[in-house]
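This report describes the fold, the surface and the ring contacts of one chain. The sequence and the coordinates are shown first, and the description follows.

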Amino acid sequence: MASGWSLIIGLLIVVAASLAAWFFSPKGENLTVWRSTLILSFVSCYLMWAIVFLAQLHPLIAPKRADIRPDRVPS
């Protein structure tokens, strides 16, 4: 279900969307603004998603149960 392949597939989608934004952005005096805005938006959204995804896939702190007596906690 959740694996490292999700990150690679997401990266490929972002690269494809960035290439599409590069070639299909409206021509005119604001061409650079359009390209920069779209590509930076795609990259920012991907980075945010990847960080949250990895934080849930490999948490730094393991959850602990509070209702277990200390003498019953496995070492």
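Helices are DSSP runs of H or I with at least four residues, and strands are runs of E with at least two. The model discussed here is predicted. Over residues 36-55 the chain is 100% helix and 0% strand, and the C-alpha atoms at the two ends of this stretch are 28 Å apart. According to the unreviewed UniProt entry, residues 36-55 carry the annotation "transmembrane region". In the chain as a whole, the secondary structure amounts to two helices and zero strands.

**Overall dimensions and surface**

The radius of gyration of the chain is 21 Å, whereas a compact globule of 75 residues would have a value near 11 Å. The C-alpha trace spans about 70 × 20 × 15 Å along its principal axes. Of the 75 residues, 15% count as buried. The accessible surface comes to about 6,700 Å², and carbon and sulfur atoms account for 72% of that surface.

**Aromatic contacts in helix α2**

Two aromatic pairs are present in the structure. They are set out below.

| Pair | Centre to centre | Angle between planes | Class |
|---|---|---|---|
| Tyr-46 and Trp-49 | 6.0 Å | 40° | tilted |
| Trp-49 and Phe-53 | 5.3 Å | 25° | stacked |

Why are Tyr-46 and Trp-49 separated by about one helical turn? The separation arises because the two residues are three residues apart in helix α2, which covers residues 31-57. Trp-49 and Phe-53 also both lie in helix α2, where they are four residues apart, about one turn of the helix. Through these ring pairs, Tyr-46, Trp-49 and Phe-53 are linked into a cluster.

The class of the Trp-49 and Phe-53 pair follows from its angle: planes under 30 degrees apart count as stacked, and the angle here is 25°.

The accessibility of the cluster members can be read against one cut-off, since buried means under 20% relative accessible area. Tyr-46 has 16% relative accessibility and therefore counts as buried. Phe-53 is buried as well, with a relative accessible area of 16%. Trp-49, at 38% relative accessibility, counts as partly exposed. Trp-49 takes part in the tilted pair with Tyr-46 and in the stacked pair with Phe-53.

**A charge over a ring**

A further contact involves an arginine side chain and a tryptophan ring. Arg-35 lies over the face of Trp-22, at 4.0 Å from the ring centre.

Key
Residues are numbered from 1 along each chain as its sequence is written. This is a predicted model: local features need pLDDT of at least 70, side-chain atom pairs count only at pLDDT 80 or more; totals for chains, interfaces and linings use all residues. Side-chain values use heavy atoms; hydrogens and water are left out. The radius of gyration is taken over C-alpha atoms; the globule rule is 2.2 Å times the number of residues to the power 0.38. Buried means under 20% relative accessible area, exposed over 50%, partly exposed in between (1.4 Å probe, protein chains only). Accessible areas come from the Shrake-Rupley method with a 1.4 Å probe; for residues, only the protein chains shown count as cover. UniProt positions are given in the numbering used here, feature names are shortened, and annotations may be inferred rather than shown by experiment. Rings of Phe, Tyr and Trp (its six-membered ring) pair if their centres lie within 6.5 Å; planes under 30 degrees apart count as stacked, over 60 as edge-to-face and the rest as tilted. A charge sits over a ring if NZ of Lys or CZ of Arg is within 6 Å of the ring centre and within 35 degrees of the ring normal.
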